[in-house]
Amino acid sequence: MRNIMSLLTILFVLLLTSGCANPQAKLQAAKAAENSGDHRTAANLYAALALELSPVLRLHEAQKGKMLPPATWIGEVNKYTVWLTDAAQPRDNAFREALDGLTRSSERYEADNSANTATPRTLDTLNAFAPQWNSAFNPPTSGPPDDWNAVIRRAHEQNFSILRFASPQNYVYDINIVSRKNARRVNFTLYSESQVFTPLPPGDYSIIVKSTVEFQKGKSWSSDFTVFNLTMTDTPALVTMDMRTRVARRE
C-alpha cells in the first residue's frame with residue numbers, strides 16, 4: 001500500500017510540474033491525492049495551483065523610499081494599493097477550488113509552520129495609523145511632505161490595515177498573501193530575525209507559506225506549504241503574526 005501511495009505522489013507531482021498540464025488537470029490531480037487520503041500531498045498541489053492562478057506583485061522593500069525620487073516612490077506605492085483594491089473577479093473557478101481544497105486538506109495533518117497571532121491593535125486614528133504605514137513603506141527623504149501624507153490619508157480612508165510578520169532565528173519564509181476576492185497576490189521573503197509590514201485592504205485572504213532553515217555543513221530543510229486564512233475587517237488595525245516552524249524528518 002505504501003508503494004502505491006508513493007507512486008501516486010510521484011505521479012501527482014509530475015502532473016503538477018508538467019508544462020502541458022492545464023489547471024483542470026492539476027485540480028483533478030490534487031483531488032485524487034485528497035481522495036486517496038494523502039492530504040499533505042493534496043495541500044501542496046492545491047497551494048501550487050492557487051499560486052499559479054493568482055497574478056503576483058512583489059512587495060516593495062520599505063527602504064526604497066530612501067533611495068527613489070519622491071514622485072517615483074509615491075507612484076510605486078499607489079500602484080500597490082490599486083493592485084490590491086482592484087474590483088476584478090477571478091476568471092478561473094479552479095482558483096477558488098484550489099484555495100478551498102488547500103484549506104480542507106491542511107486541516108487533516110499537522111502543518112510544518114504555525115503563527116502566534118496577537119489581538120489586533122486598532123489604528124482608527126490617522127496618528128496611530130501613520131507610523132505603522134511608514135514601517136511598511138519609508139517616507140521619501142525629500143519632496144513635499146503633503147504628497148506623502150496624502151498617500152497615508154487615502155490608505156486610511158480605504159480602511160487599510162497593517163499585517164506585521166516576524167521570523168525566528170535561522171528561518172527564512174517565502175510568503176504569499178492571496179486575496180480570495182480578486183485573486184491578486186503579494187509575495188515577499190521574510191528573512192531570519194526580521195520583520196515585514198504589509199498593508200492590506202479589508203477582505204478575506206489566504207496566506208500561503210513555505211519555510212527554509214540552513215543547518216551546519218551546508219544542509220538545508222524546506223517545509224511543505226502551510227495556509228493561514230485571515231480576514232481584515234473594515235476597521236484599520238495592526239495584526240501581528242510571529243512565525244514558528246517545526247522541522248520534521250519525513251522518509
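User: Take a salt bridge as a side-chain nitrogen of Lys or Arg lying within 4 Å of a carboxyl oxygen of Asp or Glu. How many salt bridges does a search of the whole structure find?

Analyst: This is a predicted model, in which local features need pLDDT of at least 70 and side-chain atom pairs count only at pLDDT 80 or more, while totals for chains, interfaces and linings use all residues. Residues are numbered from 1 along each chain as its sequence is written, and side-chain values use heavy atoms, with hydrogens and water left out. The number of salt bridges found in the whole structure is 11.

User: How many residues apart in sequence are the parts tied together by E34 and R104?

Analyst: E34 and R104 form a salt bridge, with their closest N and O atoms 2.6 Å apart. Helices (H or I, at least four residues) and strands (E, at least two) are DSSP runs numbered from the N terminus. E34 lies in helix 2 (residues 23-35) and R104 in helix 5 (residues 93-106), so the parts that this pair ties together are separated in sequence by 70 residues.

User: Is E34 buried or exposed?

Analyst: Buried means under 20% relative accessible area, exposed means over 50%, and partly exposed is in between (1.4 Å probe, protein chains only). The relative accessibility of E34 is 13%, so E34 counts as buried.

User: Which residues are joined with R246 into one network by salt bridges that share partners?

Analyst: R246 forms a salt bridge with E110, the closest N and O atoms being 3.4 Å apart. R246 also meets D112 in a salt bridge at 3.9 Å, N to O. Through shared partners, salt bridges join R246 into one network with R40, E110, D112 and D224.

User: Which helix gives the largest share of the largest nonpolar core?

Analyst: A nonpolar core is a set of buried Ala, Val, Leu, Ile, Met, Phe, Trp, Tyr and Cys residues joined through side-chain atoms within 4.5 Å. The largest one has 43 residues, and W133, L163, F165 and I207 touch the most other members. Its largest share is six residues, and they come from helix 4 (residues 70-85).

User: Which proline is in contact with W133, leaving aside neighbours within four places in sequence?

Analyst: Contact means heavy atoms within 4.5 Å. With those neighbours left aside, W133 is in contact with V77, T81, W148, V151, I152, A155, F160 and I162, as well as with P199.

User: How many residues are in the second, separate core?

Analyst: Among the members of this separate core are A30, A42, Y46 and F95. The number of residues in this second core is 23.
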